[in-house]
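User: I would like to learn how to read a structure feature by feature, beginning with its nonpolar interior. Could we go through this one together?

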Amino acid sequence: MSARRSERLARIAHLRQGRHVQPDAMVEVLERLIEAGDRVCVEGNNQKQADWLSECLAHTDPQRVHGLHLVQSVLSLPEHLDIIERGQVERLDFSFSGPQAGRLARLLEGGQIRLGAIHTYLELFARYFVDLTPRVALVAAQLADREGNLYTGPNTEDTPAIVEATAFRDGIVIAQVNAVVDRLPRIDIPADWVHVVAPAPRPHHVEPLFTRDPALITEVQVLMAMIAIKGLYAEYGIRRLNHGIGFDTAAIELLLPTYAESLGLRGRICTHWALNPHPTLIPAIEAGFVESVHCFGSEVGMEAYVAARPDVFFLGGDGSLRSNRAFCQAAGHYACDLFIGSTLQIDLAGNSSTATRGRITGFGGAPNMGADARGRRHASAAWLRAGAEGRAPGAMPRGRKLVCQIVETFREHMQPTFVERLDAWDLAEAAGLDLPPVMIYGEDLTHLITEEGIAHLCRCTDDAEREQAIRAVAGFTPVGLARDAAAVASLRERGIVQRPEDLGIAPRDATRDWLAARSIKDLVRASGGRYQPPPQFRNW
């Protein structure tokens, strides 16, 4: 052990028994271990949170703990920003802020925090091993044993990346655990990578972020799912893919055993996934569509179902899921042929962002999933076909990842999804950002699906065609109403723009009857009773 780390740990020798400390000593432990200017990583992604350690950090004395540089994936808890408001943090590097997006924007505009960058998950993990290595990391695990080994269970997620970067670069790793036991089901993090362990007063928070109630899926979303399955998945033979979060992609998952089956697509599409264990994927798994799923994280209530399907999910010897956000992000970037997700705004070049006026939401992993992997060298039929479309004659042949945004033309409160100029420009100016916070760049976007149809942007020959293809599916938004009718007609003739009827889909037939499950209770039934939804999703 280095002299510097040993000196810090010596300050808490009277509070430790081995690697363990009592919960009521944690605030003092943090005050003694953390020094001014330290890079501190508080584990928290969009699901698992080191929430109790966040609260302890927010209760430290600002005279003792200050000048911090926070480097963490997600700012989703009030405590994450409380410590900024108290003046204890000078700089922030993060990926996603979710429910704290508005508050974070106000702090930046008020000059209370300097922002390094808004990263993707994989990008931030990479910088942990280069120039943003944490000096102190606060992580969460399910269990610890007496020696300090950790068991993360199905929610491993970010923990290995954070711990390894910190522990092997002279840093200090502090873990909150749900309980201390004599024997762990499996060892996920070895004790000699961990320096302080404490049982939290309550189990760490896990957000059921990927649960969507089928009862809330609309017939417009069913129509878009039919367009996606027939106009994109079947057209390109998509087998390896990632779905973003939302009701749009949940509808696709629930139409696989019904609509996709009616098209004879079982075994031809959607066989290999980089995806959290979405409950809405259960019917497709049971129908034999899915061969494998590797997960970024887990999902509350899916533990027993996942354990019953070792033929599909990646499980440990104890029978529980082994998730890993860094590995799954890499799989989604390099090993998948398609990413399909949603956004809040799309401009005429196809750039999209979830950062709107007064809200710095961040990106999470979407830019990793929704970007062409320029370093990819292995071929697949879908990848090669997408690369050939729109390529100039005589150009070096190469493949291309399919990246699709699936959105309704208007979002909540009748705000148009399609805009001439992204709010991200104004946000960058107000917050002093180096770049407008674009989630997926237009140059990476190959397809766009709305209730109006599908635009095959990768088939366009120039920017003017791309703009008209985007306008063609923008509906009755101001962007859509400004379309050139003759240009759009030409795009339809060439198969660049396809309306539902061009695909043989009658909008009147896009009903909820196609859904393989129409309620959470139906998902429980499809799982053989193994799926145990969180209480807020039970209405029976």
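User: Which residues of the largest nonpolar core touch the most other members?

Analyst: This is a predicted model, and a nonpolar core is read in it as a set of buried nonpolar residues joined through their side-chain atoms. The largest such core here holds 77 residues, of which Met26, Leu57, Ile174 and Ile360 touch the most other members. At least three residues of this core come from each of domain 1 (18-199) and domain 2 (214-514). A second, separate core has 61 residues, among them Leu275, Ile285, Ile454 and Leu503.

User: What does Leu57 touch, if residues up to four places away in sequence are not counted?

Analyst: Leaving out those sequence neighbours, Leu57 touches Leu30, Ile34, Val40, Val42, Val65, Ile83, Gln88 and Leu138. Leu57 is also one of the buried residues of helix H3, together with Asp51, Trp52, Leu53, Ser54, Cys56 and Ala58. Helix H3, which covers residues 51-58, is mostly covered, as 7 of its 8 residues are buried. The elements against which the buried residues of H3 pack are helix H2 (26-33), strand E1 (39-42), helix H4 (78-85), strand E5 (136-145), strand E7 (172-181) and strand E8 (196-199).

User: How many residues of domain 1 are in contact with domain 2?

Analyst: One reads a pair of domains by their separation and by the residues that meet between them. Here 33 residues of domain 1 are in contact with 32 residues of domain 2, and the C-alpha centres of the two domains lie 32 Å apart.

User: How should I read the overall shape, and what is the radius of gyration of the chain?

Analyst: The radius of gyration is taken over the C-alpha atoms and can be set against a rule for globules. For 540 residues, a compact globule would have a value near 24 Å, and the chain has 24 Å, so the two agree. The C-alpha trace spans about 80 × 55 × 50 Å along its principal axes, and the secondary structure comes to 19 helices and 18 strands. Of the 540 residues, 60% count as buried. Among contacts with a separation of 6 or more, 74% are between residues 24 or more positions apart. The chain exposes about 20400 Å², of which carbon and sulfur atoms supply 51%.

User: Where does Ile227 lie, and what is it in contact with?

Analyst: A buried residue can be read through its element, its accessible area and its contacts. Ile227 is found in helix H8 (residues 219-236) and counts as buried because its relative accessible area is 0%. Apart from neighbours within four places in sequence, Ile227 is in contact with Leu232, Ile449, Thr450, Gly453, Ile454, Pro500, Leu503 and Ile505. Pro500 is 273 residues away from Ile227 along the chain, yet their C-alpha atoms are separated by 6.6 Å.

User: Is Ile449, one of those contacts, buried or exposed?

Analyst: Ile449 is buried, with a relative accessible area of 0%, and lies in strand E16 (residues 447-450). Its contacts, leaving aside neighbours within four places in sequence, include Met224, Ile227, Ala228 and Leu232, and also Cys404, Gln405, Ile406, Val407 and Ile454. Strand E16 appears again among the elements that cover the buried residues of helix H16, which include strand E17 (453-456), helix H17 (478-481), helix H18 (485-493) and strand E18 (497-498). Helix H16 (residues 463-472) has 7 of its 10 residues buried, namely Glu465, Arg466, Gln468, Ala469, Ile470, Arg471 and Ala472.

User: Can a loop residue be read in the same way, and what does Thr271 touch?

Analyst: Thr271 has its place in the loop between helix H9 (247-262) and strand E10 (272-274), and Thr271 is buried, with a relative accessible area of 0%. Residues up to four places away in sequence aside, Thr271 touches Arg239, Phe289, Val290, Glu291 and Ser292.

User: Why does Cys295 form no disulfide with Cys328?

Analyst: A disulfide is assigned where two cysteine sulfur atoms lie within 2.5 Å. The closest cysteine sulfur to that of Cys295 is in Cys328, at 6.5 Å, which is too far for a bond. Likewise, the sulfur of Cys460 is 8.1 Å from its closest cysteine sulfur, in Cys458, and that is too far for a bond. Cys295 counts as buried at 1% relative accessibility, and Cys460 counts as buried at 9%. By this rule the count of disulfides comes to 0.

Note on methods:
Residues numbered from 1 in each chain as written. Predicted model: local features only at pLDDT ≥ 70, side-chain atom pairs only at ≥ 80, totals over all residues. Heavy atoms only, no water. Core = buried A, V, L, I, M, F, W, Y, C linked by side-chain atoms within 4.5 Å. Buried < 20%, exposed > 50% of the residue type's maximum accessible area, 1.4 Å probe, protein only. Domains from an automatic or database assignment. Contact = heavy atoms within 4.5 Å. Helix = DSSP H or I, 4+ residues; strand = E, 2+ residues; numbered from the N terminus. Rg over C-alpha atoms; globule rule 2.2 N^0.38 Å. Areas by Shrake-Rupley, 256 points an atom, 1.4 Å probe, with all protein chains shown as cover.
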